[in-house]
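Let's take a look at a ligand site and then at a strand of the same chain. Keep the structure open beside you as you read.

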Amino acid sequence: MGKSAMTARLPKSKGTEMATVYEARDCTRKVKHLVLPERNQRIVQEFMQILEMREEFEQHDVPIPNKVVMYGPPGTGKTLTAFHVAASLGLPLILVRLDALIHSHLGETGSNIRKIFDYARAVPCVLFLDEFDAVARTRESGDEVKEMARAVNTLLQCLDEFGDVSIFMAATNLETELDPAIWRRFDTRMTYQLPNEQDRRHYIRLLIGEFGCQNGAEAEACRLLGGCSFADIEQIVLKAKRKAIIDRQPLHAAHVSLSYEEYAPTPTEVRMQSQA
Ligand SMILES: Nc1ncnc2c1ncn2[C@@H]1O[C@H](COP(=O)(O)OP(=O)(O)O)[C@@H](O)[C@H]1O
Ligand SMILES: [Mg+2]
């Protein structure tokens, strides 16, 4: 590790951490199962393959991709994909809370962004900016707008100077609100969607695992949880398993439907509208 790596430090703010470091083994632990649509699976696989063939790409003078943007509704696996990539590459993941970074220290946003990118340029890691759309939310007035405009400029510069030591990943729920100038900086893009029937069944099966299951409970879960995100499905199936354990019974369809009722997931569209 070079001197710059030794001296590179992540910025800290009062109270809220702007960046959290997860070691590769913590990332592995977080990703038990990731269900990706085939297209995203392919993109991730190719991305890893290229990183393993670094030298060959250098020989051909073809730059390696290392800037990924993921967009889609909440609870569909964007954050999980970042952990998966870090785990597979054996790199630490640095999770940056852009919201905390931008709003906590008026006047310091730019230098904080710079410090984080300096770190990632010196120390191999997956630098993950969650809620990336925070840089595009320029609804506030006065000083905030100027601060945000400066932050966007800094971010553009940092992305251009990122180099190829680390991987940059960003996630957003709001594809349309991202500045096109930022959008262009990414070499790899992935869209996330609510699970389709097949992915839902696959995921529910994984979640039930070895747990005893009454005939039809799985099919009922699959039917009932249509339109739910992966995150909602996970919570509801876990809730149903808890009920089954309390009853000292295998999982019944009734456990699933009761859990669904209690959990009352908000349809994603409604939730996203209320956030806007
Ligand atoms: N595609 C998926 N495959 C497996 N589990 C998922 C998936 N998407 C979400 N989950 C579950 O929901 C949790 C939250 O998902 P997350 O990756 O944070 O969603 P997002 O970042 O898209 O909002 C995950 O930790 C995981 O338990
Ligand atoms: Mg997320």
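## Around the ligand

In this predicted model, 15 residues surround ligand 1, and those that come nearest are Val35, Gly75, Lys78, Thr79 and Glu234. By type, the shell around ligand 1 holds 8 nonpolar, 5 polar and 2 charged residues.

Some polar atoms are worth picking out on screen. A nitrogen atom of ligand 1 lies 2.8 Å from a polar backbone atom of valine 35. The side chain of threonine 79 has an N or O atom 2.8 Å from an oxygen atom of the ligand, and the side chain of glutamate 234 places an N or O atom 2.6 Å from an oxygen atom of ligand 1. On its own, ligand 1 exposes 550 Å², and the protein buries 81% of that.

## Where the shell comes from

Helix H5 (78-89) and helix H12 (230-247) are the elements that give two or more residues to the shell around ligand 1. Seen by domain, at least three shell residues come from each of domain 1 (3-191) and domain 2 (197-271).

## A covered strand

Now turn to strand S2 (residues 67-71), where 5 of 5 residues are buried. In a regular strand, side chains alternate between the two faces of the sheet. Both faces of S2 are covered, with Lys67, Val69 and Tyr71 buried on one side and Val68 and Met70 buried on the other.

S2 pairs with strand S5 (residues 167-172) in the parallel sense over 5 bridges, and valine 69 stands opposite alanine 170 in S5. S2 also runs parallel to strand S6 (residues 188-191), joined by 4 bridges; here methionine 70 stands opposite methionine 190.

Technical notes
Residues are numbered from 1 along each chain as its sequence is written. Chains are lettered from A and ligands numbered from 1 in the order in which they are written. This is a predicted model: local features need pLDDT of at least 70, side-chain atom pairs count only at pLDDT 80 or more; totals for chains, interfaces and linings use all residues. Side-chain values use heavy atoms; hydrogens and water are left out. A residue is near a molecule or strand if one of its heavy atoms lies within 4 Å of it. A polar contact is a pair of N or O atoms within 3.5 Å; within protein, one must be able to donate a hydrogen and the other to accept it, and residues adjacent in sequence count only if both atoms are side-chain atoms. Accessible areas come from the Shrake-Rupley method with a 1.4 Å probe; for residues, only the protein chains shown count as cover. Ala, Val, Leu, Ile, Met, Phe, Trp, Tyr, Cys and Pro count as nonpolar, Asp, Glu, Lys and Arg as charged, and the others, Gly among them, as polar. Domain bounds come from an automatic or database domain assignment. Buried means under 20% relative accessible area, exposed over 50%, partly exposed in between (1.4 Å probe, protein chains only). Two strands pair if DSSP finds at least two bridges between them.
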